[in-house]
Amino acid sequence: MNKVILMGRLTRDPEIRYSQGDQSMAVARYTLAVDRRFSRNNGGDNQQTADFIGCVAFGRSAEFAEKYLRKGIKIAVTGRIQTGSYTRQDGQKVYTTDVVVEDQEFAESKNANAGSSSDGFSGGNNSGSGGFVPVDRPVPSAAADGFMNIPDGIDEELPFN
């Protein structure tokens, strides 16, 4: 079975291209910085570093990436590993490994992405990206502790009494 599940932050905006022909298809390429934990000195301090994993999305997934994904956004991706190779103009053979995206979704809310993240990527300029909220639904306001305030007298409307 060839199945990959990743969670990380985009290192830059996705690169979008369209195939040629009668039925052109969008192709999006982006790199995810995925945290990796390892222990130094056998039981010493845990340090964090990242693996940078190339991802490629096709069709509707690529169009979604073009519209909503930006540098610094944290996403979860499922897909499969695909390897390949090509020969450069100088005759050297290059081997590639990519994750072909089958599904991608936001891994944090838009508000969580508003400031700088701990891995050094800044999400402050990502207007219109991060936790997607449909236009026809208002975003509930949260109290300082992060929980939504439920107005008094609404108890009878809740489906789980």
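Q: What makes strand β1 (residues 4–10) count as mostly covered?
A: In this predicted model, five of the seven residues of strand β1 are buried, where buried means a relative accessible area under 20%. For the chain of 161 residues, the share that counts as buried is 28%.

Q: How do you know that β1 and strand β5 (residues 74–87) pair?
A: Two strands pair if at least two bridges are found between them, and six bridges join β1 to β5, so the condition is met. The two strands run antiparallel, and M7 stands opposite A76 in β5.

Q: Why are the rings of F64 and Y68 called a tilted pair?
A: Their centres lie 5.0 Å apart, and the limit for pairing is within 6.5 Å; their planes stand at 45°, which is neither under 30 degrees, as stacking requires, nor over 60, as edge-to-face requires, and the pair is therefore tilted. Both residues lie in helix α1 (residues 60–68), four residues apart, or about one turn of the helix.

Q: Which burial classes do F64 and Y68 fall into, and why?
A: Y68 has a relative accessible area of 16% and is therefore buried, because the cut-off is under 20%. F64, at 25%, counts as partly exposed, because partly exposed covers values between that cut-off and the 50% over which a residue is exposed.

Q: What makes F64 and F106 an aromatic pair that is tilted?
A: The distance is 5.7 Å centre to centre, with 50° between the planes, so the centres satisfy the limit of 6.5 Å and the angle falls in the range left between stacked and edge-to-face. This pair links distant parts of the chain, with F64 in helix α1 and F106 in strand β6 (residues 93–106), 42 residues apart. F106 counts as buried because its relative accessibility is 18%, and the cut-off is under 20%. F64, Y68 and F106 form one aromatic cluster.

Q: How do you know that the buried residues of α1 lie on the same side of the helix?
A: The buried residues of α1 are S61, A62, A65 and Y68. They cover an arc of only 155° around the axis, which is why they are placed on the same side of α1. The face turned away from this buried side carries the exposed residues R60 and K67.

Q: Why is the contact between E108 and R9 called a salt bridge?
A: The closest N and O atoms of E108 and R9 are 2.8 Å apart, and the criterion asks for a distance within 4 Å, so the pair qualifies. It links distant parts of the chain, E108 in the segment after β6 and R9 in strand β1, 99 residues apart. Both E108 and R9 are buried.

Q: What makes D98 and R29 a salt bridge, and which burial classes do the two residues have?
A: Their side chains meet at 3.4 Å, N to O, so the limit of 4 Å is satisfied. The pair links D98 in strand β6 with R29 in strand β3 (residues 26–39), 69 residues apart. D98 counts as buried at 17% relative accessibility, whereas R29, at 41%, counts as partly exposed.

Notes
Residues are numbered from 1 along each chain as its sequence is written. This is a predicted model: local features need pLDDT of at least 70, side-chain atom pairs count only at pLDDT 80 or more; totals for chains, interfaces and linings use all residues. Side-chain values use heavy atoms; hydrogens and water are left out. Rings of Phe, Tyr and Trp (its six-membered ring) pair if their centres lie within 6.5 Å; planes under 30 degrees apart count as stacked, over 60 as edge-to-face and the rest as tilted. Buried means under 20% relative accessible area, exposed over 50%, partly exposed in between (1.4 Å probe, protein chains only). The arc is that of the directions from the helix axis to the C-beta atoms.
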